[in-house]
Amino acid sequence: MPHSRGPPGRGRGMTGARLPSLELGPEWAMLELLCPGRLRGERRDMFLQLLRAGIDEGQLVEQAMRHRMLPMLAYVMADEEIAGCVLHQLRGELVGVLLANRRRNATLARVAATLCSGLRAAGIRVAVTKGVALEQTIYGGHGCRKMMDVDLMIHPRHRADVRRLMTEAGFVNGIYEWREDRIRPLPKRTLAMYRLSPDHLPHFLKLDADGAGAIAVDVACSVTWSASEQQLDQDEALAELVDIPALGGEVELPTLNPAYQFLFTALHLYREAWFQESVERGKDMLYKFADLLRLWSRYSADLLATLPGVIERYNLPALLGWVLTHTDRIFGTTMAADLKLPTVSEEQLAGARGLGGVELTWTGSMRERLHSRDRMALFTRCSTSAATY
């Protein structure tokens with residue numbers, strides 16, 4: 001059936017996000033409708049309207065897969081009225097994806113809890129970040145947040161101790177070969193890269209006891225990255241941790257406080273959307289902007305009270321302004337303005353950093369860029385000395 005392309009939505013929900021326009025097609029609008037949280041009110045009405053008008057289900061699934069939102073899409077099948085509008089076979093496959101993701105997320109949460117308990121017993125302050133933390137705090141623990149690994153944050157002074165303790169726990173630095181179900185050693189070139197960029201330890205891997213691949217653990221030692229001019233105090237970042245229950249109270253996980261959780265999420269997204277190497281690997285995904293939207297929706301009062309001082313102290317307005325302005329333009333929110341961040345120029349918003357430090361620029365909006373299957377086709381070398389961060 002033909003796409004239904006009505007006028008842009010104007011309503012706003014509790015998150016402050018507006019209903020998406022249909023300029024990129026109803027399938028993309030449906031993904032954006034999932035970003036603020038559980039479908040309710042006007043967002044649910046619009047989602048149902050688009051389904052009933054007729055969509056390209058293959059395109060919807062493809063876009064959801066590219067942005068790691070397939071479990072999020074599957075979760076809406078809990079709504080019987082929505083599920084009734086979806087092809088029976090597709091509905092079954094989506095539910096299978098959700099259940100498999102719930103099982104994987106539970107495994108990663110248990111691994112994270114065990115590792116954090118061991119590290120804390122050794123006197124090492126550690127926090128879970130990204131998916132393991134966000135699944136519990138802003139995604140409701142329903143299994144709809146896709147996770148690839150366990151993300152931890154430590155102070156760099158504990159790097160050697162963490163390596164030792166991870167080795168004792170049976171983890172090795174390596175690359176998982178899924179065809180052979182084995183872990184091979186990291187190439188020397190990769191190890192050299194980690195030595196030059198000590199903001200992360202090399203990934204730790206361990207084969208899953210259930211034969212479901214490998215458990216990967218990514219340990220960060222910085223809120224930003226080694227080459228960044230902005231280096232935040234890790235003692236401050238890890239000073240006030242918040243323990244959150246996971247898996248229905250089965251385990252507890254130490255997380256960063258809301259200000260640093262938001263900052264780390266935003267700055268990590270900046271890194272993956274600004275640098276060519278990350279963009280080429282498709283790291284700039286819609287669900288990462290959804291993470292920021294949901295964090296803001298849940299913690300905005302706290303963030304408005306605590307973030308400005310941190311932003312000023314560490315000279316973060318340009319980096320944070322870039323990420324939040326793009327996020328605001330996708331969802332119609334006002335995070336950058338609410339934090340009183342300086343306006344980011346259009347030239348800066350369209351900037352990027354290429355290989356070897358080459359300055360790049362790209363065309364279109366961030367929505368159009370995320371929608372594109374070939375991101376790098378939008379990028380060109382700067383003809384002028386555009387400001388970069």
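Two strands pair if DSSP finds at least two bridges between them. Helices (H or I, at least four residues) and strands (E, at least two) are DSSP runs, numbered from the N terminus.

The exercises concern a predicted model, in which local features need pLDDT of at least 70 and side-chain atom pairs count only at pLDDT 80 or more, while totals for chains, interfaces and linings use all residues. Residues are numbered from 1 along each chain as its sequence is written, and side-chain values use heavy atoms, with hydrogens and water left out.

**Exercise 1. Describe the pairing of β7 with β8 and the turn that links them.**

Solution.
- Step 1: β7 spans residues 241-246 and β8 spans residues 251-256; the two strands pair in the antiparallel sense, over six bridges.
- Step 2: The register can be read from Asp243, which stands opposite Pro254 in β8.
- Step 3: β7 and β8 form a hairpin with four residues between them, and in its turn Leu247 has a positive phi of about 55°.

**Exercise 2. Trace the strand pairings that involve β3, β4, β5 and β6.**

Solution.
- Step 1: β3 (residues 172-177) runs antiparallel to β4 (residues 182-185), and four bridges join them. Four residues lie between these strands in their hairpin, where Asp181 takes a positive phi near 50°.
- Step 2: β3 is also joined to β5 (residues 204-207) by two bridges, again in the antiparallel sense. Here Val172 has Leu205 as its bridge partner.
- Step 3: β5 pairs in turn with β6 (residues 214-220), antiparallel, over four bridges. Leu205 stands opposite Ala216 in β6.
- Step 4: The hairpin of β5 and β6 has six residues between the strands, and Gly211 takes a positive phi near 75° there.

**Exercise 3. Characterise the surroundings of Glu177 and Ser226.**

Solution. Contact means heavy atoms within 4.5 Å. Buried means under 20% relative accessible area, exposed over 50%, and partly exposed in between (1.4 Å probe, protein chains only).
- Step 1: Glu177 lies in strand β3, and its bridge partner in β4 is Arg182.
- Step 2: Leaving aside residues up to four places away in sequence, Glu177 touches Arg182 and Arg184. Its relative accessible area is 23%, so Glu177 is partly exposed.
- Step 3: The C-alpha atom of Glu177 is separated by 8.9 Å from that of Gly213, 36 residues apart along the chain.
- Step 4: Ser226 belongs to the loop between β6 and α10 (234-237). With a relative accessible area of 30%, Ser226 is partly exposed.
- Step 5: With residues up to four places away in sequence not counted, Ser226 touches Ser197, Pro198, Asp199 and Gln231. The C-alpha atoms of Ser226 and Leu196, 30 residues apart along the chain, are separated by 8.3 Å.

**Exercise 4. Compile the phi value, location and exposure of Arg68 and Lys340.**

Solution.
- Step 1: Arg68, a residue other than glycine, has a positive phi near 55°. Its place is in the loop between α3 (57-66) and α4 (70-75), and a relative accessibility of 23% makes Arg68 partly exposed.
- Step 2: Lys340, also other than glycine, has a positive phi near 55°. Lys340 is found in the loop between α15 (335-338) and α16 (346-349), and its relative accessible area of 73% makes it exposed.

**Exercise 5. Why is helix α1 largely enclosed by the rest of the structure?**

Solution.
- Step 1: α1 covers residues 26-34, and nine of its nine residues are buried, so the helix is largely enclosed by the rest of the structure.
- Step 2: Among the buried residues are Trp28, Met30 and Leu33, together with Glu27 and Glu32.
- Step 3: The cover over these buried residues includes α2 (41-53), α3, α4, α13 (286-313), α14 (317-331) and α17 (366-371).

**Exercise 6. Assess the overall dimensions of the protein.**

Solution.
- Step 1: The secondary structure comes to 17 helices and 11 strands. The radius of gyration is 21 Å, close to the 21 Å that the globule rule gives for 389 residues, so the protein is as compact as a globular protein of that length. The radius is taken over C-alpha atoms, and the rule is 2.2 Å times the number of residues to the power 0.38.
- Step 2: Along the principal axes, the C-alpha atoms fill a box of roughly 60 × 50 × 40 Å.
- Step 3: Buried residues make up 53% of the 389 residues.
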